[in-house]
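This briefing sets out the internal cavities, the sheets and the burial of one protein chain. It should be read alongside the sequence and the coordinates.

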Amino acid sequence: MMLALRRACIFRALVFMAFLPPPQRAQDPAMVHYIYQRFQVLEQGLQKCTQATRAYIQDFQEFSKNISVMLGRCHTYTSEYKSAVHNLVLRVERAQREIDYLEYLRETDTCVESEDKVPAEKLVQEAEEDQRIRMLLNASCDNMLMGIKSLKIVKKTMDTDGSWMKDAVSDSPKVYVFIGSRNNTVWEFANIRAFMEDSTKPAPRKLILTHSWQGTGQVIYKGFLFFHSQGTPNEIIKYNLQKRIVEDRMLLFGGAGRALAYQHSPSTYIDLAVDEHGLWAIHSGPGIRSHLVLTKIEPDTLGVEHSWDTPCRSQDAEASFLLCGVLYVVYSSGGHGPHRITCVYDPLGTIMEENLPNLFFPRRPRSHSMIHYNPRDKHLYAWNDGNQMIYKLQTRRKQPLQ
């Protein structure tokens, strides 16, 4: 198109020159003036032609830029679509496993077996289940809690309830703060010093979630936020903090969300935890005098790997945490100290009660809003009456499995 315009302009100039007078009449002033005017017209035409060419070039550049942007968006949408399809496939597979498990439970309840077969098959099933649990919890972690060494108050706020934490496995120094028991706002601090000193730069980043969280059982694991979705009895959401989108979600069965997980934590129905073995959920089981149910969750697919009915009661409990696959439940009388661990549950059975010392926390005036173990720095992060605290632990090796 630009080449055609240039040719048209040159053609106009040649046509004009063809009508010029012969040399003998070139001295006529009127003719000179006429020629001068025609040259001015020609120059104006050339200028318009140049301007039109530049305009076409600019329009073409804008068009190319827009095409490049649209192609980039198409590439992004394609990647997101592939990721969504992959997540959908994982969720379908997880749903199929859960359906198979429910079918197995239904068949177990309705099937009548002969008395001579039941004991032998039950022993085989128990042996297979025990082996599966040993494989599931087969991590290089053999520590057991022996005492609370010290307490450090990092900061004090005006909020009675809340939670705070670091990523349980990554090397990121960022600190995340959840104020209150129901909200959709997360405060992200660059490091623990920025959290301790309000005047320290950079200022905290305010993250607004697309869904609100409930309770104080949130955890951050491998860059993802896992929390109990507000307004639902048993929905767990996996939230991508970088993309600000819901990555996945699951429904936690076994009576989850029907009652408080801890009597002295009046907003937490499902408490999530992380230790050296990965992601866990703690909630109250069915019944008036309910006991805690411990569930191992696969963090990538949000599939339930196994659940245990523990002997630990919800009554008089205020918080719990896991360390090396062992559940430690903190109790207090009336929600006011002393705060002590009086129930310990080990799915592998390697910890015996007679081997445990008296596990007391430093006396605090009120119950803990949350206590979470961080397997990366081996500390407990706690929130008590507006105080954000860190407990250092004393551990020793567990007895080896027989």
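A cavity is here a set of grid points where a 1.4 Å probe fits but cannot get out, and its volume is the space filled by probe spheres set on those points. The model is predicted. Two cavities of 30 Å³ or more are counted in it, and the largest of them holds about 100 Å³ of space.

**Overall composition**

- The protein contains four helices and 20 strands.
- Of its 402 residues, 41% count as buried.
- Where contacts join residues at least 6 apart in sequence, 55% of them link residues at least 24 apart.

**The largest cavity**

- The lining of the largest cavity consists of M165, K166, A168, Q218, V219, I220, A273, V274, H372, Y373, N374 and Y381.
- Two or more lining residues come from each of strand 6 (219–221), strand 10 (270–275) and strand 18 (368–374).
- Strand 18 makes the greatest contribution to this lining, with three residues.
- By class, the lining of the largest cavity comprises eight nonpolar, three polar and one charged residues.

**The second largest cavity**

- The second largest cavity has a volume of about 40 Å³.
- T216, Y262, T268, D271, A319, S369, M370, I371 and H372 line the second largest cavity.
- Strand 18 again gives the most to the lining, here with four residues.
- The lining of the second largest cavity divides into four nonpolar, four polar and one charged residues.
- H372 appears in the lining of the largest cavity and also in that of the second largest cavity.

**The sheet of strands 6 to 9**

- Four strands in the order 6-7-8-9 make up an open sheet with antiparallel pairing.
- Strand 6 and strand 9 (245–251) are the edges of this sheet, and each has a single partner strand, so one side of each lacks a neighbour in the sheet.
- From one strand to the next, the twist in this sheet averages 25 degrees.
- Strand 7 (residues 224–228) and strand 8 (residues 235–240) run antiparallel and are joined by five bridges.
- L225 has Y239 in strand 8 as its bridge partner.

**The sheet of strands 10 to 13**

- A further open sheet is formed by four strands in the order 10-11-12-13, with antiparallel pairing.
- Its edge strands are strand 10 and strand 13 (303–313), each of which pairs on one side only.
- The twist in this sheet averages 25 degrees from one strand to the next.
- Strand 10 and strand 11 form a hairpin with two residues between them.
- Six bridges connect strand 10 to strand 11 (residues 278–284), and these strands run antiparallel; I270 has H283 in strand 11 as its bridge partner.
- Strand 11 is likewise joined to strand 12 (residues 291–298) by six bridges in an antiparallel arrangement, and S284 is paired with L292 of strand 12.

**Burial of strand 10**

- In a regular strand, side chains alternate between the two faces of the sheet.
- In strand 10, I270, L272 and V274 point one way, whereas D271, A273 and D275 point the other way.
- Strand 10 is mostly covered, with six of its six residues buried; buried here means under 20% relative accessible area.
- Strand 10 also borders the cavities: A273 and V274 belong to the lining of the largest cavity, and D271 belongs to that of the second largest cavity.

Key. Residues are numbered from 1 along each chain as its sequence is written. This is a predicted model: local features need pLDDT of at least 70, side-chain atom pairs count only at pLDDT 80 or more; totals for chains, interfaces and linings use all residues. Side-chain values use heavy atoms; hydrogens and water are left out. On a 1 Å grid over the protein atoms alone, a cavity is a set of points where a 1.4 Å probe fits but cannot get out, and a pocket is an open set with protein on both sides within 12 Å along at least five of seven lines; lining residues have an atom within 4 Å of a point. Ala, Val, Leu, Ile, Met, Phe, Trp, Tyr, Cys and Pro count as nonpolar, Asp, Glu, Lys and Arg as charged, and the others, Gly among them, as polar. Two strands pair if DSSP finds at least two bridges between them. Axes are lines fitted to C-alpha atoms, for helices over the stretch in contact, and angles run from 0 to 180 degrees between N-to-C directions. Buried means under 20% relative accessible area, exposed over 50%, partly exposed in between (1.4 Å probe, protein chains only). Contact means heavy atoms within 4.5 Å.
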